[in-house]
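Biologist: I have the sequence and the model open. Can you walk me through what is worth a look?

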Amino acid sequence: MDKIRIVGGNELKGTIPISGAKNAALPLMIASLLTEEKLILENVPRLADVALLQRILGNHGVDITTNGKRNGDDPYAGQTLEIDARVIVDTIAPYELVSKMRASFWVVGPLLARMGVAKVSLPGGCAIGTRPVDFHLDALRALGADIEIDAGYVLAKAPRGLTGARIVFPKVSVGATHTALMAAALARGESVIENAAREPEVVDVADCLIKMGARIEGAGTSTIRIEGVPRLKAARHAVLPDRIETGTYAMATAMTGGDVMLAGARPDLLEDALETLRHAGAEIDATNEGIRVRRNGAGILPVEVSTAPYPGFPTDLQAQLMALMTKAKGRSRITETIFENRFMHVQELARLGARIQLDGDTAVVEGVERLTGAPVMATDLRASVSLVIAGLAAEGETMVQRVYHLDRGFEKLEEKLSRCGAEIERISG
Ligand code: EPZ
């Protein structure tokens, strides 16, 4: 298995191109199931999760072609996928595939809406928490589906199609909002989703569905209205930039010091996280090219942060912020409110010399003068990248194992960082 070797201590200086957002690309690819016509997606990141979803959709009969790379192409440009779901040969999503990537459970909404039937494996738990799917199922029931659970599978049926309904989520859920939105797009009549997720990725999916002919209003607010249409059509859509990748490299720069341009990043997608970084002592400027992040020798200041649904501080940046705070001048408090078990990085950061106490859902981080490199590993993607950030500022060598987690969500991570002066390399093995 590949490892990432980092020798810490170098400032980051240069330009990091920001890729398309993984968490928009995945539901956008799934939205292709809603139409017999072609969906063309641009700026799709080259990630293991995208490749896996290509396989999963292929299993349903979806044909996906990717533009090849030509000499002279920008090596960091996203790929274009031409997705053709004209013929759905199978409405079953098996355990072997869904268990590898939770988001593939989301095929249940479009398959049911278009085909009247879907059999999708329950995804099971994962490293960051129990992550149930009850909100997804309740939304589909509200739209008139008959849902049974049998032998680990959700059997969803709506032989006469779905009917518009009012869906009120008890808690904000990104995935359940995607499911409700996609299913309601093809339901008969009007649907209203209340307490909808406001994440930019939901807005991106809604924008694409609108290009496909869906009638949607209010995406980006807590109330989304959808007037169902009988069918959707061909469209072309470019995936928005990845705000979590943006925030991750902004924190890496704040950690090491230096001056980095996050090219193509959109500051409006992560205002809360950028404000937190300003409080921590980073200088952040929005420019025509993207976001410029700098930190001079003045050290990192402690912060108090709670994760929250958008527009709050994202749970997907919590581990990275914690890595940054390990070297702050004082005590930080970081509270995780979205997932109950998303502190797997704490013990690994401690291996580098971090001082972190867990108090229920809050991590109290006592900043230290120096971190020292060590072998580390993590069980999810964001936790893994937090170890990379800590490694970039640790003295000596840090070896991050289980690199496949990083490959799920960060395109060309070691290339992007080494271009800016970091001593980081992948060791195949
Ligand atoms: C999405 O997961 C993201 N995944 C996650 O990113 C992200 O951490 C999360 O949203 C929160 O922002 C993708 O977009 C592919 P939720 P999702 O439903 O949709 C509870 C990453 O690192 N809940 O918004 O699965 C749930 O347990 C990943 O890129 C229910 O109780 O998250 C959690 O406490 C990891 N019942 C809360 O809601 C349900 O039916 C929010 O989860 C659904 C969710």
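Modeller: Let's begin with the domain contact. About 2,100 Å² is buried between domain 1 and domain 2, and carbon and sulfur atoms give 52% of that area. Buried area is the accessible area (1.4 Å probe) that two parts lose on being put together, summed over both. In domain 1, the residues that lose the most area to domain 2 are Tyr310, Arg408 and Glu411, together 30% of what that side buries.

Biologist: What are the bounds of domain 1 and domain 2?

Modeller: Domain 1 is 3–18 + 242–427, and domain 2 is 22–231. The bounds come from an automatic or database domain assignment. How many residues each gives to the contact is known too: 27 from domain 1 and 23 from domain 2, with contact meaning heavy atoms within 4.5 Å. The C-alpha centres of the two domains lie 30 Å apart.

Biologist: Before I go on, what are the ground rules?

Modeller: This is a predicted model, where local features need pLDDT of at least 70, side-chain atom pairs count only at pLDDT 80 or more, and totals for chains, interfaces and linings use all residues. Residues are numbered from 1 along each chain as its sequence is written, and side-chain values use heavy atoms, with hydrogens and water left out.

Biologist: Now the ligand. Why does it lie between the domains?

Modeller: Both domain 1 and domain 2 give residues to the shell around the ligand, so it lies between them.

Biologist: Which residues come nearest?

Modeller: Asp134, Ser173, Asp316, Ile338 and Arg382, out of 23 around the ligand. Being near takes a heavy atom within 4 Å.

Biologist: Which helix gives the largest share of the shell?

Modeller: That is α5, with three residues. Helices here are DSSP runs (H or I, at least four residues), and strands are runs of E, at least two, all numbered from the N terminus.

Biologist: What polar atoms lie by the ligand's oxygens?

Modeller: A polar side-chain atom of Lys22 lies 3.0 Å from one ligand oxygen. A polar backbone atom of Gly175 is 2.7 Å from a ligand oxygen. A polar contact is a pair of N or O atoms within 3.5 Å. The protein covers 90% of the 830 Å² of accessible area that the ligand has on its own, by the Shrake-Rupley method with a 1.4 Å probe.

Biologist: New topic. Where is the cis peptide bond?

Modeller: It joins Tyr310 and Pro311, with omega about 10°. Pro311 sits in the loop between β18 (304–306) and α10 (318–325).

Key: Polar contact = N/O pair within 3.5 Å; in protein donor to acceptor, adjacent residues only side chain to side chain.
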